Structure formats: C-alpha cells, structure tokens
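Here is a quick tour of one chain, going from the overall picture down to a few spots worth a look. Keep the viewer open as you read.

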Amino acid sequence: MNTITAIENRRSTRKFSGNDIDQNTIRNILKAGINAPSPKNNQPWKFFVIKESKQQLIKVIEKGIEDIKSSFGLLLDAKNFLYSAETTLKIMKDAPVIIFVINTENKQDYGKTLVKKYVEMANILSIGAAVENMLLASHEYGIGSLWIGDIYYTVREIGEWLQTDRQIAAAIALGYPDEDPSPKKRKELNELVEWK
C-alpha cells in the first residue's frame, strides 16, 4: 500500500467485530512501532499486549472510574469529563486487543497536573511516532485501530495492574472493524502553516 494513501485513508475505529487477531499480525504491528524514529536512537518504549487478561484490565479501569466518582481517584478534577472515559471503556471492552505503550525513560509522576505531566514528557514525540507506525501497519492489515488517551483517568490503577512504575504514554485498541467511519474534517493547510 502507498504510504500517503494509507495516511489519508486510515480512520479511528470505535466498533469492532468479534474476530480475533492472530499473534503474527500483532507482532508485525509492534515491529512497525519499534521501527519509528527516535532522537539519538533512544527507543524509549515498551509495549504491553493485553488479550487473555483483558477482562481483568476492564475491571481495573471500572474501579478507577468509580474511585474518581466517589472522590478517591487520582484525578479528582476530572469528574466533569468522565463521560469520555466511560465511552472509551465501552470501546475497549469490544476490542479484542489493547496495547499499552510505556515511556521507559520517565517514571509515573502523580504529583503533576494531567496537562503538565504529559506536556513535559521528553520522549513523547518518539512514542507518538511509534504509535502512528502501528496505526498505519494495522490499516495495512485491514485491522481497525483507535489511539486512546482516556486511559489517563485511571493511569495509576493501570500502572499497578501492569506492575510498572514507568509512565503510561498511550493505549491502542485493535480489532477488525465493524464500521466504515467517514473522514473527520481537517483544518486547511493555509490555517496551520506559515511560510517565511
């Protein structure tokens, strides 16, 4: 597949069929991720592939959301945005595979605000490139994907469950699509680029 065509045609998938993804295909998607560029070839990533233990993960996230609702969670100022986390949880329940991308260079720091914590991540661009590579590789294999940010609401609980003190940078839901999403409106190039 032509790379530009793949970039233009890839869509975020939020509805998945029940079909399983074979392990070799998942490995190929992960290989695309580790072939991403990173400054000084630092490769600041580690991947957790969740398949068989997905129901355990779902329970962990459900508990984290309930903790926020009852004022025991990490991000108490996020209560007004929990509908987004709950919507994402439904998507994660349907996806046969969830991949967590860990920033191996940063420890999880619960003392910062959500925005500051992730803006300051020194290696996030490298991890973003790895995620994009995996999204494009998934598209190549006919697999739908969704880059998930709403895991930040329950990042402490997920980190404990994964038994890692490293920063959880992203999650990706994978599955054969059960929808054909329309392209979302993009800003025009002349709105975003200034030529000097």
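## The chain as a whole

A quick definition before the numbers: a residue counts as buried when its relative accessible area is under 20%, as exposed when that area is over 50%, and as partly exposed in between. With that in hand, 44% of the 196 residues of the chain come out as buried. Bear in mind that this is a predicted model.

The chain has 8 helices and 4 strands. Reading from the N terminus, the order is α-α-β-α-α-β-α-α-β-α-β-α. If you look at contacts with a separation of 6 or more, 83% of them join residues 24 or more positions apart. As for the outside, the accessible surface is about 11500 Å², and carbon and sulfur atoms own 50% of that.

## K51 and its neighbours

Next stop is K51, which sits in the loop between β1 (45–50) and α3 (54–69). Is K51 buried or exposed? Neither label fits: its relative accessible area is 22%, so K51 is partly exposed, given that buried means under 20%.

Leaving aside residues up to four places away in sequence, K51 touches D20, I21, I26, P96 and V97. Two of these partners deserve a zoom on the side chain of K51. One is D20, whose side chain makes a polar contact with that of K51 at 3.2 Å. The other is I21, which takes part through its backbone: its oxygen is 3.0 Å from a polar atom of the K51 side chain. V97 is a nice case too, since it lies 46 residues from K51 in sequence, yet the two C-alpha atoms are 5.2 Å apart.

## Strand β3 and its partner

Now for strand β3, residues 144–148. Why call it largely enclosed by the rest of the structure? Because 4 of its 5 residues are buried.

β3 pairs with strand β4 (residues 166–175), running antiparallel over 5 bridges. To find your place in the pairing, look for G144, which stands opposite G175 in β4.

## E157, a buried charge

Last up is E157, in helix α7 (residues 155–162). E157 is buried but has no salt bridge. How far away is the nearest side chain of opposite charge? That side chain belongs to R156, and the distance is 4.1 Å. A salt bridge would need a side-chain nitrogen of Lys or Arg within 4 Å of a carboxyl oxygen, so this pair misses the cut-off.

Beyond residues up to four places away in sequence, E157 touches V60, G64 and D67.

Technical notes:
Residues numbered from 1 in each chain as written. Predicted model: local features only at pLDDT ≥ 70, side-chain atom pairs only at ≥ 80, totals over all residues. Heavy atoms only, no water. Helix = DSSP H or I, 4+ residues; strand = E, 2+ residues; numbered from the N terminus. Buried < 20%, exposed > 50% of the residue type's maximum accessible area, 1.4 Å probe, protein only. Contact = heavy atoms within 4.5 Å. Areas by Shrake-Rupley, 256 points an atom, 1.4 Å probe, with all protein chains shown as cover. Polar contact = N/O pair within 3.5 Å; in protein donor to acceptor, adjacent residues only side chain to side chain. Pairing = 2+ DSSP bridges. Lys, Arg positive; Asp, Glu negative; His and termini not counted.
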